[in-house]
Amino acid sequence: SKDELMMSRRVCRDVKLHNLEQGLPAGLAADCDCAICSHVLEHICWPDHLLSDLAQLLRPRGGVLIIALPNLLYYKNRWRLLQGHFDYAESGLMDNTHFRWYTFNTARQLLERNGFIVEQALGDGSIPLWPFRRLLGKRVAKGIDRMATRAWPGLFSYQMVYRARPA
């Protein structure tokens, strides 16, 4: 939005407002060290053009792309889907501005199909420990959540994070 653009200009050297459906804006400096798409790709109908541009923008040796995406198959959403609910919301996983949804595997495939090598794929989320969380304590519960999201990221990760480099 225009308000966000004005606020960003107060703290950033260079700010552009651009529709990423057409890829990146022209004239960006090549050989970037890092690009971050935190909860961006799910809002784009056809992300292939943007990812192709990012692969060209990043340094061939050492350039890194960081992607964060919501996981469609997070266990809470799986339950809703099994019950026949595919209801949009004002925010969150089923945000009404999301055009695409990804799973742990389809997000990796999207990156690989568009010229990236995935170096790291992580999940961030929790498992259903509701009655026991207070008894276990925050530290133990978080440790269990971390182990579960590493073992079964497609099930227990609310958010998926990928670190990739151009092929």
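Let me start with R150, which is exposed, with a relative accessible area of 58%, in what I should say at once is a predicted model. As for its setting, R150 sits in helix α6, the element that covers residues 138–151, and together with K138, K142 and R146 it forms a positive surface patch.

Stepping back to the whole chain, we have seven helices and four strands, and if you follow them from the N terminus the order reads α-β-α-β-α-α-β-α-α-α-β. The C-alpha trace spans about 55 × 35 × 35 Å along its principal axes, and of the 167 residues in the protein chain, 34% count as buried.

Now to the cysteines, where one might ask how many disulfides the structure holds. The count is zero. Taking C34 as an example, it takes part in no disulfide, and the nearest cysteine sulfur, which belongs to C32, lies 9.2 Å away. For C37, the closest cysteine sulfur is the one in C34, at 9.6 Å, and that is too far for a bond, because a disulfide calls for a pair of cysteine sulfur atoms within 2.5 Å.

Is C37 buried or exposed? With a relative accessible area of 7%, C37 is buried, since that value falls under the 20% cut-off for burial, whereas C34, at 43%, is partly exposed.

To close where I began, the residue I would ask you to find in the structure above is R150, exposed at 58% and placed in helix α6, alongside K138, K142 and R146 in the positive patch.

Conventions: Residues numbered from 1 in each chain as written. Predicted model: local features only at pLDDT ≥ 70, side-chain atom pairs only at ≥ 80, totals over all residues. Heavy atoms only, no water. Patch = residues over 30% accessible without salt bridge, like charges linked within 9 Å, V, L, I, M, F, W, Y side chains within 5 Å. Areas by Shrake-Rupley, 256 points an atom, 1.4 Å probe, with all protein chains shown as cover. Salt bridge = Lys/Arg side-chain N within 4 Å of Asp/Glu carboxyl O. Lys, Arg positive; Asp, Glu negative; His and termini not counted. Charge placed at Lys NZ, Arg CZ, Asp CG, Glu CD. Helix = DSSP H or I, 4+ residues; strand = E, 2+ residues; numbered from the N terminus. Buried < 20%, exposed > 50% of the residue type's maximum accessible area, 1.4 Å probe, protein only.
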